[in-house]
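Colleague: I have just opened this one and don't know my way around yet. Could you walk me through it?

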Amino acid sequence: MVSSKFRWIFITLLLIFVNLHAQTITKGPYLADPQKNSITIRWECDSQLLFWVKYGSEKSLSSSVEGTLIGTKEDHFLYEANINGLISGKYYSYQINSESVKSTINTFKCNLPVNKPVTFVVTGDSRSRPQVFGAIVEHVNQLNPDLIISMGDLVIE
């Protein structure tokens, strides 16, 4: 009788532990392959899940597209979703979703029309002196550039 109770307690605790191991987005989401009226959103997760991307103008998130698993390496799963039919120069919001994972709501601006000036910011290494980099990020957010290029200087030999 004692061993039977122990077995059920063990199984219950095991199930609780498995459910507590929350899947997480380990990289991203980030934007890739911007086109005139489309963009690709990519992210990496520590679990293989069914994902979809909710998106829309401003914060509406009224449309969605299914994510596709495009690669795996050990316990890392790389996904992407292609969003088409976007309007040049317009802001869009998006969020990565699954049954157990949800990203923050992010925004992007679709490609600008041809022959229109583009504003951009180039930043350097962001690893050291976070208080300085934080001030730079605040200033960049106030400028609201069309493009941000972030570079680093970490080199591994």
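Modeller: We can go through the largest pocket, then one cysteine, and then the nonpolar core, keeping in mind that this is a predicted model.

Colleague: OK, what volume does the largest pocket have?

Modeller: The volume of the largest pocket comes to about 880 Å³.

Colleague: And which residues lie nearest its centre?

Modeller: Of the 31 residues that line the largest pocket, Leu31, Pro145, Asp146, Leu147 and Ile148 are the ones nearest the centre. Two or more lining residues come from each of β1 (25-32), β7 (91-97), β8 (106-109), α2 (130-143) and β10 (147-150), and the largest share, 5 residues, is given by α2.

Colleague: How does that lining divide into nonpolar, polar and charged?

Modeller: The lining of the largest pocket has 20 nonpolar residues, along with 8 polar and 3 charged ones.

Colleague: Switching topic, is Cys45 buried or exposed?

Modeller: Cys45, which is found in strand β2 (residues 38-45), counts as buried because its relative accessible area is 0%, and the cut-off for buried is under 20%.

Colleague: What does Cys45 touch, leaving out residues up to four places away in sequence?

Modeller: With those left out, Cys45 touches Gln23, Thr24, Ile25, Thr26, Phe51, Asp75, His76, Phe77 and Tyr79. Separately, Val101 is 56 residues from Cys45 in sequence, while their C-alpha atoms are 9.2 Å apart in space.

Colleague: Last thing, which residues have the most contacts inside the largest nonpolar core?

Modeller: Those are Trp43 and Val53, in a core of 18 residues, to which β2, β3 (52-57), β6 (76-84) and β7 each give two or more residues.

How values were computed
Residues numbered from 1 in each chain as written. Predicted model: local features only at pLDDT ≥ 70, side-chain atom pairs only at ≥ 80, totals over all residues. Heavy atoms only, no water. 1 Å grid on protein atoms, 1.4 Å probe; cavity = no way out; pocket = protein on both sides within 12 Å on 5 of 7 lines; lining within 4 Å. Points joined across faces, edges and corners; volume = space filled by probe spheres on them. Helix = DSSP H or I, 4+ residues; strand = E, 2+ residues; numbered from the N terminus. Nonpolar A, V, L, I, M, F, W, Y, C, P; charged D, E, K, R; others polar. Buried < 20%, exposed > 50% of the residue type's maximum accessible area, 1.4 Å probe, protein only. Contact = heavy atoms within 4.5 Å. Core = buried A, V, L, I, M, F, W, Y, C linked by side-chain atoms within 4.5 Å.
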